[in-house]
Every structure is written in C-alpha cells, then in structure tokens.
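Hi,

Here's the structure I promised to pass along. Have a look, and then read on for what turned up in it.

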Amino acid sequence: MHNEYNMKNKVKEQIGERLKESRKAAGYTQAQIAEKMNMTQQQYSRFENGVFELNYEQIILLCKIYDISADFLFGLKVF
C-alpha cells in the first residue's frame, strides 16, 4: 500500500511539472489559467505542485488551453 501511495504522488508531481512547463511555454500565468478554469490561482497552483488531482473535465480543458495531448500530460508520449 505504501508503494502505491508513493507512486500516485510521483505521478501527480510529474503531471504538475508538465502542466507548469506547458503553461510557461504557452505564455500564461497561473492566475490567467485559474481564471479560464473558474478557480483561484491558489487552487490551480495545487495541481502544478502535485497536491490535488485533476478531474476529467479539467484534464480536457487544460489540454485544449495548452494545445497538448493527454498522452503528453500523463507522460505516455514526449511532446
């Protein structure tokens, strides 16, 4: 169980890093993305920091905003 917990946290951290990288490459601030997602900057920052998990709707929206694939976001393919 402990290994499963660590792996889940590692995945959230890696997704957060790809979100941050994609946001910066697209020229957005966290506040701008948070506004597009109808949340606060603090809430959005928790995704980039690997604290909170994204739901399906959020994944789709972020992939559209950043023009990335879900495969890239989840680390299944290189951008």
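Leaving aside neighbours within four places in sequence, which residues is Glu48 in contact with? Bear in mind that this is a predicted model. The contacts of Glu48 are Gly16, Glu17, Leu19, Lys20, Arg23 and Gln30.

Glu48 sits in helix α3, and at a relative accessible area of 5% it counts as buried. Two polar contacts involve its side chain: one with the side chain of Arg23 at 2.5 Å, and one with the side chain of Gln30 at 2.8 Å.

Gln30 deserves a look too. Gln30 belongs to helix α2 and is also buried, with a relative accessible area of 17%; the cut-off for buried is under 20%. Besides Glu48, the Gln30 side chain has a polar contact of 2.3 Å with the side chain of Gln41. If you skip residues up to four places away in sequence, Gln30 touches Arg23, Gln41, Tyr44, Ser45 and Glu48.

Now for the nonpolar side. The largest nonpolar core has 17 residues, and the members touching the most others are Leu19, Ile33, Tyr44, Leu54, Leu62, Tyr66 and Leu73. Two or more residues each come from α1 (2–26), α2 (30–36), α3 (41–48), α4 (56–66) and α5 (70–73), with α4 giving the most, five residues.

To see one of these members up close, try Ile33: beyond its neighbours within four places in sequence, Ile33 is in contact with Arg23, Tyr28, Tyr44, Leu62, Ile65 and Tyr66.

Cheers

Notes:
Residues numbered from 1 in each chain as written. Predicted model: local features only at pLDDT ≥ 70, side-chain atom pairs only at ≥ 80, totals over all residues. Heavy atoms only, no water. Core = buried A, V, L, I, M, F, W, Y, C linked by side-chain atoms within 4.5 Å. Buried < 20%, exposed > 50% of the residue type's maximum accessible area, 1.4 Å probe, protein only. Helix = DSSP H or I, 4+ residues; strand = E, 2+ residues; numbered from the N terminus. Contact = heavy atoms within 4.5 Å. Polar contact = N/O pair within 3.5 Å; in protein donor to acceptor, adjacent residues only side chain to side chain.
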